Amino acid sequence: MGRLSGFTVAVASSRRRHPLASLLAASDARTTSVHAVRDDVGPGATEAFLAAARGVADARVHDVVVCSASGLRAWLSSAAEAGNLDTLVAHLATARILVREPAAVAVLRDHGLPCHVRAAARSDDDLFRHLLTQPMTGRRVVAQVESDSQGEYAHLLARAGAQVVEIPLHRRLPPPDDAGLERLVALVVRRHLDAVAFTGPGAADNLLRRAAARSTLDALRDALTGPVTPVCVGDRTAEPLRDHGITPAVAATPEPTALVTLLAAELPRRAGTLTLAGRRVGLRSQAVVVDGRVVPVQPMSMAVLRVLAREPGRVFTPDEIRHAGPAAPEDHAVEVAVSRLRRALAGTALSGAGLVQTVMRRGYRIAV
């Protein structure tokens with residue numbers, strides 16, 4: 001079994017499918033991708049360029065992180081339109097400019113600016129990681145920010161003592177279609193997930209706003225402080241959740257691999273377990289694990305099992321089960337869910353253990 005076998009994780013990001021989803025699948029997790037935020041380059045971004053240009057001119061700049069030629073051109077163009085280009089170039093001329101992309105190097109040289117080329121860098125995030133290996137206290141850093149992970153690295157630079165001027169190249173807006181957020185709210189509230197991974201603050205904020213608009217914010221908060229584990233790529237991403245009384249787990253570094261490591265540590269620790277017929281049975285949102293074997297279980301049946309597992313041996317009436325967990329419209333739906341649970345476990349070590357017992361005219365209980 002992989003480290004995340006049997007767990008179901010939603011990935012809330014600005015992409016239809018984030019690379020994190022593939023990494024989780026490689027660890028045997030079941031994933032669902034949610035387009036929770038939209039990147040926008042528009043008037044708001046231009047205003048940010050201008051504000052950054054003015055901010056750079058306030059004092060000496062020690063380090064500059066350039067992530068793309070297109071972003072650099074947009075920044076310099078905005079400064080030129082505002083009449084600040086010469087001042088900006090003069091301040092950048094004395095700075096150490098970290099750049100990886102050859103096209104961005106050419107733009108810098110066209111303006112007579114020196115550059116510290118990080119040819120060995122695998123990604124632009126490596127430019128931020130390079131700075132974090134050095135003393136940052138008292139240094140003034142200007143950083144292009146093109147992704148949520150880079151925003152988290154800029155936050156880490158500030159925590160390390162640097163004064164950071166960010167040049168955000170995008171605005172984070174709600175997605176054009178709310179269907180994904182609606183689906184994610186429903187999955188969380190119904191406890192059909194083991195975790196939600198947030199790759200940026202926009203994704204977390206948009207989910208909370210959507211839940212508030214549907215009057216389900218309290219239910220969402222209850223789930224995210226209970227059986228559904230929220231995990232974030234960094235502290236900046238965690239802020240909207242913390243503002244609502246939710247304490248997420250935060251990755252050690254703003255990288256997808258760090259989120260996978262975090263989930264692999266947190267989910268098994270938080271997962272519920274039962275001892276049945278002398279065997280440890282792991283509980284997941286949509287599965288149980290018996291003797292290392294992951295057994296898929298329908299969400300409604302899993303919800304019934306979770307209710308019964310709260311007090312093994314106690315008889316729960318169908319009405320109690322419906323109100324304590326699953327959104328079942330009637331007692332018959334609970335009966336069907338129990339039947340499906342028993343069928344799912346047929347052929348496992350628990351098939352003869354009488355996992356869920358029917359107590360005539362009273363309800364159901366977990367065998368002890």
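This passage walks through the pocket, the cavity, the sheets and one helix of a predicted model.

Let's start with the open space. The largest pocket comes out at about 560 Å³. Its lining takes in 25 residues, and those nearest the centre are Arg15, His18, Asp125, Ser149 and Pro256. Four elements each hand two or more residues to this lining: α1 (19-26), α6 (125-132), α7 (148-159) and α12 (256-270). Sorted by class, the pocket lining has ten polar, eight charged and seven nonpolar residues.

Pro256 deserves a second look. This proline sits in helix α12 and is among the residues nearest the pocket centre. Pro256 counts as partly exposed, because its relative accessible area is 29%, which falls between the 20% and 50% cut-offs. For a sense of scale, Pro256 and Gly354 are separated by 98 residues in sequence, while their C-alpha atoms are 42 Å apart in space.

Enclosed space is another story. The structure has one cavity of 30 Å³ or more, and the largest cavity holds about 40 Å³. Leu274, Leu276, Val281, Leu283, Val288, Leu305, Leu345, Leu350 and Leu355 line this cavity. Strands β13 (273-276) and β14 (279-283) are the elements that give two or more residues to the cavity lining. The class count here is quickly told: nine nonpolar residues, no polar ones and no charged ones.

Those two strands lead straight to an open sheet of four strands, ordered β13-β14-β15-β16 and paired in the antiparallel sense. At the edges stand β13 and β16 (293-296), each of which pairs on one side only. On average, neighbouring strands of this sheet are turned by 25° against each other, with direction ignored. Inside the sheet, β14 and β15 (residues 287-290) are joined antiparallel over three bridges. Across that pairing, Gly282 stands opposite Val289 of β15.

A second open sheet has five strands, in the order β2-β1-β10-β11-β12, and its pairing is parallel. Its edges belong to β2 (30-35) and β12 (249-250); each has a single partner strand, so one side of each is left without a neighbour in the sheet. Further in, β10 (residues 195-198) and β11 (residues 229-232) run parallel and share four bridges. One of the residue pairs here is Val196 with its bridge partner Pro230 in β11. As a general reminder, the strands of a sheet pair through backbone hydrogen bonds, whether parallel or antiparallel.

There is also a hairpin to mention. Strands β17 (residues 356-359) and β18 (residues 363-366) pair in the antiparallel sense, with four bridges between them. Gln357 finds its bridge partner in Arg365 of β18. Three residues lie between the two strands of this hairpin, where Arg361 adopts a positive phi near 65°.

Last comes helix α4 (residues 85-92), whose buried residues are Leu88, Val89 and Leu92. Looking down the axis of α4, these buried residues fall within an arc of 95°, so they line one face of the helix.

How values were computed
Residues are numbered from 1 along each chain as its sequence is written. This is a predicted model: local features need pLDDT of at least 70, side-chain atom pairs count only at pLDDT 80 or more; totals for chains, interfaces and linings use all residues. Side-chain values use heavy atoms; hydrogens and water are left out. On a 1 Å grid over the protein atoms alone, a cavity is a set of points where a 1.4 Å probe fits but cannot get out, and a pocket is an open set with protein on both sides within 12 Å along at least five of seven lines; lining residues have an atom within 4 Å of a point. Grid points are joined across faces, edges and corners, and a volume is the space filled by probe spheres set on the points. Ala, Val, Leu, Ile, Met, Phe, Trp, Tyr, Cys and Pro count as nonpolar, Asp, Glu, Lys and Arg as charged, and the others, Gly among them, as polar. Buried means under 20% relative accessible area, exposed over 50%, partly exposed in between (1.4 Å probe, protein chains only). The arc is that of the directions from the helix axis to the C-beta atoms. Two strands pair if DSSP finds at least two bridges between them. Axes are lines fitted to C-alpha atoms, for helices over the stretch in contact, and angles run from 0 to 180 degrees between N-to-C directions.
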